[in-house]
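Ready to practise reading a protein model? Have the sequence and the 3D view open side by side, and try each task before you look at its solution.

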Amino acid sequence: MSDDVDTPSPAEPERRPLPVRVLVAAGIVAAIGLLFPLPRAHRAWGLPMDLAHLGLGAGLTWLVARFAERFGVSRLRAAWTGWVASTLFLGAFEIAQQLTARSPGLEDAVANALGGLATVLVLVLPRRRALPLAALVLAVGAAPVALAGLDLYRQGRDLPMLSDLETRLEMLRWGSSEGHVARVPSTDGRSGYEVEGVLPPGRWPGISLIHPYPDWRGWRALAFRVHMDQADALQVLVVDREHDETYGDRFNGSYDLPAGWSEVEIPIDAIARGPKTRPLDLERVDGITWFLLGPTQERRIRLDDVRLVK
Ligand SMILES: [Ca+2]
C-alpha cells in the first residue's frame with residue numbers, strides 16, 4: 001500500500017516550511033523594530049516595517065500553535081488557537097500603541113492577522129494546497145504596502161507637485177486628526193480633483209499632508225490653492241522628522257484669507273526659521289497641517305496644487 005505523498009504524516013520529521021521560516025525571521029525584525037521605534041521614521045523605512053507585521057503575526061501564531069501541540073492539542077486546534085491568541089495579543093498591542101502615539105493601528109492589526117492566517121494554512125493543509133493559499137493571503141496583506149511604495153515612487157516623479165489630488169493613491173498621505181478628509185471633484189474647473197476637510201468645532205481642527213516629498217532644499221516657496229467657506233485666518237504648520245510635538249519646534253504661519261479661492265505662497269526661508277531653537281531640517285520635511293483656530297461651527301476648507309516653487 002502506498003501513501004499519498006501530499007498527506008502529512010505525524011511520523012514525518014518536523015521541519016518548518018521555508019515560507020514560515022522567512023515569516024518568523026521577518027517577525028523577529030518587526031518585534032525588534034517595535035521595541036526600538038525610530039521617531040518619525042522616513043516612509044521608505046516604515047514600509048518594510050509595515051510588511052514585517054505579516055511576519056509578526058505568522059511567527060507568533062506558529063509559536064503558540066507549536067506550544068499548544070506539545071500539550072497534546074490537535075494540529076488543527078493548535079493552529080487556530082495560535083491564530084486567535086496572536087491576533088488578540090497583537091491587536092491589544094496596537095490599541096496600547098494608539099493610546100501613546102498616532103500610528104496606523106488597524107492596518108497593522110489586519111497585517112498581523114493575515115500573517116497568522118498564512119501560518120494556519122501552512123500548518124493544517126497539505127503543502128501543495130497550503131503554499132498558494134498562504135501566498136495569496138500574504139499578497140493581500142502586502143497590498144497596502146505595495147500601494148504606499150508606488151505612491152512614494154510617484155512623489156519623486158511628480159516633483160515639484162507635492163499633491164494635486166489627481167490620483168486616488170495620494171489620499172494615503174492625507175489625514176485629519178479631528179475632522180474628515182476626502183478627495184472630491186474640483187469645484188472651480190481648474191483641475192479634476194481637490195481635497196476637502198470637514199472640520200468640526202474645536203480648538204484647532206485641521207487636515208494634514210503627512211510624509212510629503214521630504215527634500216525642500218533649493219526651492220523658493222511652498223505654494224497651494226485653498227478655498228475657505230468664509231473669511232478667516234488659515235493656520236499652516238510645517239514639521240520635520242525631528243519635530244518634538246511642541247508648538248515652538250515647528251513652522252507656524254497665519255494667513256488672513258477671504259471666502260473663496262486664494263493662492264498662498266510661504267517662503268521656504270521662513271519655514272526654515274520656524275522652530276525657535278534650531279533651523280527646520282529642509283532635507284527631511286515630514287508634514288504640513290492646515291487648520292482653523294477655535295471654530296464654533298462645522299467648517300470646510302478645500303486644498304489643491306500643494307507644490308514647491310522656484
Ligand atoms: Ca487637483
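The exercises below go from confidence to helices, cores, strands and unusual backbone spots.

**Before you start**

This is a predicted model, in which local features need pLDDT of at least 70 and side-chain atom pairs count only at pLDDT 80 or more, while totals for chains, interfaces and linings use all residues. Residues are numbered from 1 along each chain as its sequence is written.

**Exercise 1. Find which element has the lowest mean pLDDT and which the highest.**

Step 1. Recall the term: pLDDT is the predictor's confidence in each residue, from 0 to 100.

Step 2. Take the overall picture: the mean pLDDT of the protein is 86, and 86% of its residues reach 70 or more.

Step 3. Turn to the elements, which are DSSP runs numbered from the N terminus: helices (H or I, at least four residues) and strands (E, at least two). Helix H1 has the lowest mean, 69, and strand E6 has the highest, 98.

Step 4. Look at residues 1–13, where the pLDDT is below 50. Beyond near neighbours in sequence, this stretch has four contacts in the model. A contact means that the C-beta atoms of two residues, placed from the backbone, lie within 7 Å.

**Exercise 2. Describe helix H5: what is its span, and where is its kink?**

Step 1. Count and span: H5 covers residues 127–158, which is 32 residues, and reaches 44 Å from its first C-alpha to its last.

Step 2. Compare with the expected span, 1.5 Å times one less than the number of residues. For H5 this gives 46 Å, and the span in the model is close to that.

Step 3. Find the kink: H5 bends by about 40 degrees at Ala-142, shortly before the proline Pro-144. The bend is the angle between axes fitted to the seven residues ending at a residue and the seven starting there.

Step 4. Go just past the helix. Pro-160 lies in the loop between H5 and strand E1 (161–163), and the peptide bond from Leu-159 to Pro-160 is cis, with omega near 10 degrees.

**Exercise 3. Work out which helix gives the most residues to the largest nonpolar core.**

Step 1. Learn the terms. A residue is buried if 20 or more other C-beta atoms lie within 10 Å of its own, exposed if 12 or fewer, and partly exposed in between, with C-beta atoms placed from the backbone. A nonpolar core is a set of buried Ala, Val, Leu, Ile, Met, Phe, Trp, Tyr and Cys residues joined through C-beta atoms within 7 Å.

Step 2. Find the best-connected members: of the 33 residues in this core, Leu-54, Leu-114, Leu-117, Ala-118 and Leu-121 touch the most other members.

Step 3. List the elements that give two or more residues: helices H1 (18–35), H2 (43–70), H3 (75–100), H4 (105–124) and H5. Among these, H4 gives the most, with 11 residues.

Step 4. Note that a second, separate core has 31 residues, including Leu-199, Trp-216, Val-236 and Leu-280.

**Exercise 4. Decide whether Leu-90 is buried or exposed.**

Step 1. Locate Leu-90 in helix H3.

Step 2. Use the neighbour count: 24 other C-beta atoms lie within 10 Å, so Leu-90 is buried.

Step 3. Leaving aside neighbours within four places in sequence, Leu-90 is in contact with Leu-56, Gly-57, Leu-60, Ala-109 and Asn-112. Leu-56 is 34 residues away in sequence, yet 8.5 Å away from C-alpha to C-alpha.

**Exercise 5. Name the strands that stand at the edges of the five-stranded open sheet.**

Step 1. Read the order, E2-E5-E10-E7-E8, with antiparallel pairing. Two strands pair if DSSP finds at least two bridges between them.

Step 2. E2 (174–175) and E8 (251–257) each have a single partner strand, so one side of each is left without a neighbour in the sheet.

Step 3. Now try E6 (residues 221–228). Eight bridges join E6 to the antiparallel strand E9 (residues 260–267), and seven join E6 to E11, also antiparallel.

Step 4. Compare the faces of E6: Leu-222, Phe-224, Val-226 and Met-228 are on the covered one, and Ala-221, Ala-223, Arg-225 and His-227 on the uncovered one.

**Exercise 6. Determine whether Leu-165, with its positive phi, is buried or exposed.**

Step 1. Phi of Leu-165 is near 65 degrees, a positive value in a residue other than glycine.

Step 2. Leu-165 has 23 C-beta neighbours inside 10 Å, so Leu-165 counts as buried.
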